[in-house]
Amino acid sequence: MNMLKTLTFITAPTQVNDPTVRRRGKLIERLEQQKALFSNPAHHITEQRWVKDENGTKQLMQKQKRIRRWWRTDLSGNTTLVVRYGAKPLEFEKGKTAIAIGDKAGLLDVLDALISATRSGELDQLIPKPQPLRGLPQRDRKTG
């Protein structure tokens, strides 16, 4: 019982379920994957999927998922980066979706800058907000 007296007890903090924080985390995860892909071109992620076998029973299988590169190098050696959220590229300015990097060696610095900008909330306005499902009635929060 003496050990419990040395501990400090508090009320448990509530779990934050902020959609903005989740979208930031998803973008940061994808940017980190791009860094790993730059370091190792054979990098892939492993997903778990439920797959039906020949008997019709479902089994949990691990599948490798290829990561698509977000950067391209043209014939003159200039590298551009297109940051995507889902399938759509982020539009940093009106009509401008690519970042000019120049030499490919500067890609990691740009990815690090984008990760820190995402963590600080600078890209929150660029990340698309989730769309409500079509065909389902929207609930009025005031009346329930």
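Reader: I'm new to this. How many helices and strands are there in the chain?

Author: The chain has three helices and seven strands. Keep in mind that this is a predicted model. Going along the sequence, the pattern reads α-α-β-β-β-β-β-β-β-α.

Reader: What radius of gyration does the chain have, set against a compact globule of 144 residues?

Author: The chain comes out at 22 Å, while a compact globule of 144 residues would be near 15 Å. The C-alpha trace spans about 70 × 50 × 45 Å along its principal axes. As for burial, 19% of the 144 residues count as buried.

Reader: Okay, sheets next. How do strands of a sheet pair?

Author: Strands in a sheet are held side by side by backbone hydrogen bonds, and the pairing can be parallel or antiparallel. Here, three strands make an open sheet in the order S3-S4-S7, with antiparallel pairing. Strand S3 (71-73) and strand S7 (98-102) are the edge strands, each pairing on one side only. From one strand to the next, the twist averages 25°.

Reader: How many bridges hold S3 and S4?

Author: Three bridges, in the antiparallel sense, with S4 covering residues 79-82. Look for Thr-73, which stands opposite Thr-79 in S4. S3 and S4 also form a hairpin with five residues between them. In that turn you'll find Gly-77, with a positive phi of about 95°.

Reader: And how many bridges join S4 to S7?

Author: There are four bridges, and these two strands run antiparallel. One spot to check is Leu-81, which stands opposite Ile-99 in S7.

Reader: Which side chains along S4 are buried?

Author: Thr-79 and Leu-81: they point to one face and are buried. Thr-80 and Val-82 point to the other face and are not buried. So side chains alternate along S4, which you can follow residue by residue.

Reader: Now a helix. Which residues of an α-helix point the same way?

Author: Those three or four places apart, because an α-helix has 3.6 residues a turn. Try it on H3, which runs over residues 107-120 and has 14 residues. From its first C-alpha to its last, H3 reaches 20 Å, close to the 20 Å expected at 1.5 Å a residue.

Reader: Which residues of H3 are buried?

Author: Leu-107, Val-110, Leu-111, Leu-114, Ile-115, Ala-117 and Thr-118. If you look down the axis of H3, these buried residues fall within an arc of 165°, so they line one face of the helix. The face turned away from that buried side carries Asp-109 and Arg-119, which are exposed.

Reader: What covers the buried residues of H3?

Author: The cover includes helix H2 (19-39) along with S3, S4 and S7. That brings back the three strands of the open sheet. Just after H3 comes Gly-121, whose phi is positive, near 95°.

Reader: Let's finish with one residue. Is Gln-33 buried or exposed?

Author: Gln-33 lies in helix H2. Its relative accessible area is 12%, and anything under 20% counts as buried, so Gln-33 is buried.

Reader: Which residues is Gln-33 in contact with, leaving aside its neighbours within four places in sequence?

Author: His-43, Ile-45 and Ile-67. You can ask about contacts across the whole chain too: of those with a separation of 6 or more, 47% are between residues 24 or more positions apart.

How values were computed. Residues numbered from 1 in each chain as written. Predicted model: local features only at pLDDT ≥ 70, side-chain atom pairs only at ≥ 80, totals over all residues. Heavy atoms only, no water. Pairing = 2+ DSSP bridges. Axes fitted to C-alpha atoms, helices over the stretch in contact; angles between N-to-C directions. Expected span 1.5 Å × (residues − 1). Buried < 20%, exposed > 50% of the residue type's maximum accessible area, 1.4 Å probe, protein only. Arc of directions from axis to C-beta. Contact = heavy atoms within 4.5 Å. Rg over C-alpha atoms; globule rule 2.2 N^0.38 Å.
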